[in-house]
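Reader: I'm new to this one. Please pick one part, take me through it slowly, and explain the terms as you go.

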Amino acid sequence: MIQLHTPVLLKESADYLVTKKDGVYFEGTLGFGGHTQEILNRLSNKGSVVSTDVDQSAFDFCKEKFKAENRVKLYKFNFSLIDVLAKIESLEFFDGILADLGVSSFQLESAAAGFSYSKQSELDLRLDKSLRKTAADFINQETEEKIANVIFEFGEEKNSRKIARHISVARKNKKIQSTDELKKIISSVTNPKYLTKTLSRVFQALRIYVNDELGILKSFLENSVPLLNIGGRLVVISYHSLEDRIVKEFFKYESLNCICPPDAPICTCGKVKRLKIITKKPIVPPESEIKSNNRSRSAKLRVAERV
Ligand SMILES: C[S@@+](CC[C@H](N)C(=O)[O-])C[C@H]1O[C@@H](n2cnc3c(N)ncnc32)[C@H](O)[C@@H]1O
């Protein structure tokens, strides 16, 4: 049986996020509603949550799950469009904003979703099925150099050139359409000792690229800050170093009052500090959580507060 999803750093993220019982919160990555439910548990009857996900199955599941709950508004929307959602809901500010990035266990484990190299399925990897290009389109249509760059940049895979070369040769004979076909090509050029890690890196790279996950994360962070009430918190859980670096650097930049060169006699940059960093170091799951939910092992939680 496929497990839907076990929410990661549930208590820790809600402890940081929910500072007002009557507040209005935004959860950008609804999934199977674990974090949304935890936020609701901490709110009074006057509090509310706007939650969104791009995945149709997650959205449909939560429509049913929360059908008797009038404090939650659900959308099938990209979280980077938080500003549009605020307008639709006639909201000027949120009291807290949460994103639990990446994919759910259900998305990883369900063959239909096509996110995992361990499941035989179409090479799709789109979170939002209305996006035009699948991973198969990318692999079959892009130049060898572009494929190598994507695998290197988003998967941090050292063998990217060799893998891209073999993809480019294989696709001349037959279009690469399934996760299995891609897996075979990667296996043919990878030392079996490193195969699992290499497959994860390549599939991660393709997923990040197809869904523009890093670009979307940057827009989400940028659009979120002006929508936070003073004292409201931006809470982000990330699952790999590329995401975590973006969050860390964004928080650092937004917490600076001045970006003039250190030797400048007076400040001329006009930079305004918008955030205070609450978690100097990222919060990681305790051993007990990693033991019971192995997927949580790479999670990092960062929090900043609107000033
Ligand atoms: C780690 S899961 C969230 C799990 C959820 N917190 C729970 O407890 O059930 C991440 C979810 O974010 C969704 N997602 C990823 N990128 C998104 C985006 N740009 N906009 C909206 N949802 C997104 C995925 O479809 C997935 O359902």
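Author: Start with helix H8 (residues 160-173) and helix H9 (residues 179-188), which pack at about 130° with their axes 9 Å apart. Helices here are DSSP runs of H or I, at least four residues, numbered from the N terminus; axes are lines fitted to C-alpha atoms over the stretch in contact, with angles from 0 to 180 degrees between N-to-C directions. That angle makes H8 oblique to H9 (under 35 degrees is roughly parallel, over 145 roughly antiparallel, 65 to 115 roughly perpendicular, the rest oblique). The crossing of H8 and H9 is right-handed, that is, the near helix is turned clockwise from the far one by less than a right angle.

This is a predicted model, where local features need pLDDT of at least 70 and side-chain atom pairs pLDDT 80 or more, while totals for chains, interfaces and linings use all residues. Residues are numbered from 1 along each chain as its sequence is written, and side-chain values use heavy atoms, leaving out hydrogens and water.

Follow H9 along to its other partner here, helix H10 (residues 195-210): the axes of H9 and H10 come within 10 Å and cross at roughly 130°. So H9 is oblique to H10, and the crossing of H9 and H10 is right-handed too.

Now look at helix H11 (residues 213-224) and helix H12 (residues 241-254). Their axes also come within 10 Å, but the crossing angle is roughly 25°, so H11 and H12 run roughly parallel to each other. H11 passes H12 in a right-handed crossing.

Last, swing over to the ligand. Around it sit 25 residues (a heavy atom within 4 Å counts), and the closest are Phe-32, His-35, Asp-53, Asp-100 and Gln-107. For polar contacts (N or O pairs within 3.5 Å), one ligand nitrogen atom is 3.0 Å from a side-chain N or O atom of Asn-78. A ligand nitrogen atom is also 2.9 Å from a polar backbone atom of Phe-79, and a ligand oxygen atom is 2.9 Å from a side-chain N or O atom of Gln-107. Taken alone, the ligand exposes 610 Å², and the protein buries 97% of that (Shrake-Rupley, 1.4 Å probe).

Technical notes: Polar contact = N/O pair within 3.5 Å; in protein donor to acceptor, adjacent residues only side chain to side chain. Helix = DSSP H or I, 4+ residues; strand = E, 2+ residues; numbered from the N terminus.
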